[in-house]
Amino acid sequence: MGWAERSANNLTIVDWQERYLSGDTPWDKGASAPSIQPLIEEKPELFSGHRVFVPGCGIGHDAKELAKYGLNVVGGDIAPLAIARAKEENPHQVDFRELNILTIPESLVGNFDMVWEHTCFCALDPTLRADYVAAMWKLLKPSGVVLGVFFTNPDVIPNEGPPYKTSCEELREIFSSHFSLEWVDEPKAFYQGREGREHLMLFKRL
Ligand SMILES: C[S@@+](CC[C@H](N)C(=O)[O-])C[C@H]1O[C@@H](n2cnc3c(N)ncnc32)[C@H](O)[C@@H]1O
């Protein structure tokens with residue numbers, strides 16, 4: 001993909017800030033995930049009154065869409081420019097924070113009813129997946145859930161990315177250390193070109 005360099009220990013190094021600075025952000029479709037609205041209409045009980053964290057929120061489309069429905073949303077991203085842009089127009093008062101989702105600040109631990117995942121998991125080097133799962137577990141209240149539209153990018157070879165390939169089976173396995181899989185569904189709407197390449201999944205915190 002040309003997004004990343006490899007470090008000596010073969011970990012992917014992506015300079016996310018540089019991506020935003022140079023405008024090389026092919027993941028940013030200029031709008032929130034199309035699956036959010038139909039999902040909220042179909043399963044409103046999942047969202048009612050919830051405090052939600054959006055990891056790797058980018059410039060905040062999803063976080064703002066969720067906040068539009070009255071949810072109390074915190075969006076976190078490692079790229080300062082993404083967060084600065086997210087804050088520019090923020091009518092529903094999303095709390096945007098520059099942070100590394102793998103080193104969650106103590107003040108956010110156990111703070112959320114839901115994590116909304118969208119193209120953050122697939123952006124991380126696969127060696128960091130277990131850390132991602134543990135971090136999401138830490139963010140959530142005991143009854144919390146991770147709800148995501150997981151981009152599985154099935155067309156690339158393993159370990160080639162980001163975005164990295166995964167599958168529902170692999171996701172269930174990786175999350176099983178800290179979560180139980182409640183359901184898998186197909187999104188009712190998607191960005192052009194992502195048909196059949198993303199899946200809605202709900203994981204409940206153990
Ligand atoms: C593929 S982009 C997706 C952005 C957004 N979810 C969207 O759909 O537009 C991945 C995002 O994760 C952020 N990111 C990557 N590693 C991160 C980390 N360790 N902590 C916080 N954010 C991270 C990047 O800066 C980038 O904005």
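## Leu171 and its surroundings

Leaving out residues up to four places away in sequence, Leu171 touches Phe121, Phe150, Thr152, Thr166, Met201 and Phe203. This description rests on a predicted model. Leu171 belongs to helix α6, which covers residues 168–175. Because its relative accessibility is 0%, Leu171 counts as buried. Glu195 follows at a separation of 24 residues in sequence, and the C-alpha atoms of Leu171 and Glu195 are 19 Å apart in space.

## Nonpolar cores

In soluble globular proteins, nonpolar side chains tend to be buried together. Here the largest nonpolar core has 26 residues. Those with the most contacts inside this core are Phe47, Val52, Val54, Leu66, Val73, Trp116 and Leu147. Helices and strands both contribute: α2 (36–42), α3 (61–68) and α4 (80–88) each supply at least two residues, as do β3 (51–55), β6 (112–118), β7 (140–151) and β9 (198–205).

Leu147 is in contact with Leu39, Leu46, Phe47, Met114, Val115, Trp116, Glu117, Trp183, Met201 and Leu202, when its neighbours within four places in sequence are left aside. Met201 is thus a partner of Leu147 and is also touched by Leu171. Apart from the largest core lies another, of 25 residues, including Ile101, Tyr132, Met136 and Val146.

## Helix α4

An α-helix has 3.6 residues a turn, so residues three or four places apart point the same way. In α4, the residues Leu81, Ala82, Ile83 and Ala86 are buried. Among the elements that cover the buried residues of α4 are the helices α1 and α3 and the strands β4 and β5 (95–98).

## The largest pocket

Rolling a probe the size of a water molecule over the atoms shows where empty space is left. The largest pocket has a volume of about 850 Å³. Its lining consists of 45 residues, and Trp16, Gly56, Thr119, Cys120 and Ala123 lie nearest its centre. Two or more lining residues come from each of β2 (12–13), α1 (16–22), β3, α3 and β4 (72–77).

By class, 26 residues of the lining are nonpolar, 12 are polar and seven are charged.

## Cysteines

A disulfide is a covalent bond between the sulfur atoms of two cysteines. A search of the whole structure finds zero disulfides. For Cys57, the nearest cysteine sulfur is that of Cys120, 9.1 Å away. Cys57 counts as buried because its relative accessibility is 11%.

Cys120 also holds the closest cysteine sulfur to Cys122, but the distance of 8.1 Å is too far for a bond. Cys122 has a relative accessibility of 3% and therefore counts as buried.

Terms used. Residues are numbered from 1 along each chain as its sequence is written. This is a predicted model: local features need pLDDT of at least 70, side-chain atom pairs count only at pLDDT 80 or more; totals for chains, interfaces and linings use all residues. Side-chain values use heavy atoms; hydrogens and water are left out. A nonpolar core is a set of buried Ala, Val, Leu, Ile, Met, Phe, Trp, Tyr and Cys residues joined through side-chain atoms within 4.5 Å. Buried means under 20% relative accessible area, exposed over 50%, partly exposed in between (1.4 Å probe, protein chains only). Helices (H or I, at least four residues) and strands (E, at least two) are DSSP runs, numbered from the N terminus. Contact means heavy atoms within 4.5 Å. On a 1 Å grid over the protein atoms alone, a cavity is a set of points where a 1.4 Å probe fits but cannot get out, and a pocket is an open set with protein on both sides within 12 Å along at least five of seven lines; lining residues have an atom within 4 Å of a point. Grid points are joined across faces, edges and corners, and a volume is the space filled by probe spheres set on the points. Ala, Val, Leu, Ile, Met, Phe, Trp, Tyr, Cys and Pro count as nonpolar, Asp, Glu, Lys and Arg as charged, and the others, Gly among them, as polar. A disulfide is a pair of cysteine sulfur atoms within 2.5 Å.
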